[in-house]
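Work through the exercises below with the sequence and the 3D view at hand. Try each task before reading its solution.

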Amino acid sequence: LRNAYSLKYWWRYMEAKKRSPARQRNLIAERALKYLPGCYKIWHAYLADRRAQCKAKEPGHPAHARLNAVYERALVYMHKMPRIWLDYLEILAAQHAHTTTRRAFDRALRALPVTQHERIWKLYLPYAKASPVPEAAVRIYKRYLQFDSDAVEEYIDYLMQIGRVSEAALKLAEVLNREGFVSLRGKSRHKLWMELCDLVTKHPDKVGSLRVEAILRSGLKAFTDEAGHLWCALADYFIRQALFEQARDVYEEGLASLLTVRDFSMVFDAYSQFEESLITALIERQAQQQAAADLAAAESGGASAEASKAAAATTLELDMRLERLERLMERRPELLSSVLLRQNPHSVHEWLKRAFLFEASPAKAIQTYAAAVKTVDPRRAVGRPSSLWLGFAKFYESHGDIKNARAILRKATLVPYKSVDELASIWMGWSEMELRHKKYPEALAVL
């Protein structure tokens, strides 16, 4: 060559020898790089040619090791060139040399400027996921989150895939505590909350580092439209830990605080299914104990005292749970009435329906009427408040207590109704009551 330091002459020489044997092409490229070691164009063409030469070689062939050595020499000069790194990393990943590949990825991240790291991470993360060592992949993901903290959802998904539920729940809780977090997948804060609730309730044994009950109760305050789902989730959390009494307390607390019929139906159905499942388990246990007792009696000629005591205890517990289930079903109308009254405590119709439910229990009926006339504001009432007072008085009248009926009607006349018609209906109802009992002078005095 006239000028060994001229790229133009070396490039023409390499182009002219394209169809030559591989050994000769490699020798020409090596000679060129001896004079121009910092020439990206020659390195890129040479490495592409060496890759093509190794493509048909089986894994473990010495040609792959020689190719790796050439790439290492190239990176001495081309360590700022992301294309060289990417090609080299793809080759190493295909060779399944995990430690060498991981170290090469780390070297690439150290060598390249931060603006080029995204291209490396696009290869590094899939490689980490396919790694046979989950701990290495977790550490790689943690480093990636320092580069791009918004990719935390991908990390959470990976933790769930490898069964690290506790770490996934902690990371999801950390995301929810971050005020400015915006999901790259378009998930709302509400959706992320629901995912966290489902995660901690379905894996109670793996999330001991979190205060699950506190999380769910804070969710109840923040998302009232999901109250039914969250109460069921909290009860399910205790059920999965075999804390049945605490689960029952949660169901009762939920039924006493819900505001919509939809949520009430969800929680009540879950509560009844929970009681039914306990009864089914007890029936199966009773059948097993009976079979074991019959077998022992056949072998020894008589039933043992321990087996009889265990069977009696199971029967007693079964009777108690059946009674609980029956009581729950009987309370359903009352509980539903409470939900409707929490929605609107000034609904006259709902108060009358509730009083009718306790017709067989005078004490509860009187308590309901008293709460109704105390709660309902005549200016905000839906319906006629006078019908509540008349119903209250009529209840006392039906039980033969005219004195208290008169006292109720006397109080009713002092209520500031929205219209004169309602006050007139109170006076008319009072006089009609006196007439029904043939108290004509009292009726005239009222009129």
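**Exercise 1. Classify Arg185 by accessibility and find its charged partner.**

Solution. Step 1: Arg185 has a relative accessible area of 44%. Step 2: the classes are buried (under 20% relative accessible area), exposed (over 50%) and partly exposed in between, with a 1.4 Å probe and protein chains only. Arg185 is therefore partly exposed. Step 3: a salt bridge is a side-chain nitrogen of Lys or Arg within 4 Å of a carboxyl oxygen of Asp or Glu. The side chain of Arg185 forms one with that of Asp157, at 2.4 Å from N to O. Step 4: Asp157 belongs to helix H9 (residues 152–161), while Arg185 sits in the loop between helix H10 (165–177) and helix H11 (189–202), so the pair ties together parts 28 residues apart in sequence. Helices here are DSSP runs of H or I with at least four residues, numbered from the N terminus. Step 5: Asp157, at 31%, is partly exposed.

Two notes apply to every exercise. This is a predicted model, in which local features need pLDDT of at least 70 and side-chain atom pairs count only at pLDDT 80 or more, while totals for chains, interfaces and linings use all residues. Residues are numbered from 1 along each chain as its sequence is written, and side-chain values use heavy atoms, with hydrogens and water left out.

**Exercise 2. State how many salt bridges there are, and describe the one between Asp49 and Arg25.**

Solution. Step 1: the count is 28 salt bridges. Step 2: Asp49 and Arg25 pair through their side chains at 2.9 Å, N to O. Step 3: Asp49 is in helix H3 (residues 40–54) and Arg25 in helix H2 (residues 22–35), so this bridge ties together parts that are 24 residues apart in sequence. Step 4: Arg25 has 22% relative accessibility and counts as partly exposed.

**Exercise 3. Describe the salt bridge of Glu195 and Lys187, then name the members of a salt-bridge network.**

Solution. Step 1: the side chains of Glu195 and Lys187 meet at 2.7 Å, N to O. Step 2: Glu195 is partly exposed at 27%, and Lys187 is partly exposed at 23%. Step 3: Glu135, Arg139, Arg164 and Glu167 are joined into one network by salt bridges that share partners.

**Exercise 4. What surrounds Arg354, and how far away is the nearest side chain of opposite charge?**

Solution. Step 1: locate Arg354 in helix H17 (residues 348–357). Step 2: Arg354 is buried but has no salt bridge. Step 3: Lys and Arg count as positive, Asp and Glu as negative, and His and the chain ends are not counted. The nearest side chain of opposite charge is that of Glu334, 4.1 Å away. Step 4: the Arg354 side chain does reach the backbone oxygen of Glu334, at 3.2 Å. Step 5: apart from neighbours within four places in sequence, Arg354 has contacts (heavy atoms within 4.5 Å) with Glu334, Ser337, Ser338, Leu341 and Thr368.

**Exercise 5. How many disulfides are there, and are Cys39 and Cys54 buried or exposed?**

Solution. Step 1: a disulfide is a pair of cysteine sulfur atoms within 2.5 Å. The count is 0. Step 2: Cys39 is buried at 12% relative accessibility, and Cys54 is buried at 7%.

**Exercise 6. Which elements have the lowest and highest mean pLDDT?**

Solution. Step 1: pLDDT is the predictor's confidence in each residue, from 0 to 100. Step 2: the protein averages 87, and 96% of the residues score at least 70. Step 3: helix H22 (residues 440–446) has the lowest mean, 75, and helix H6 (residues 98–111) the highest, 94.

Methods:
Helices (H or I, at least four residues) and strands (E, at least two) are DSSP runs, numbered from the N terminus. A polar contact is a pair of N or O atoms within 3.5 Å; within protein, one must be able to donate a hydrogen and the other to accept it, and residues adjacent in sequence count only if both atoms are side-chain atoms.
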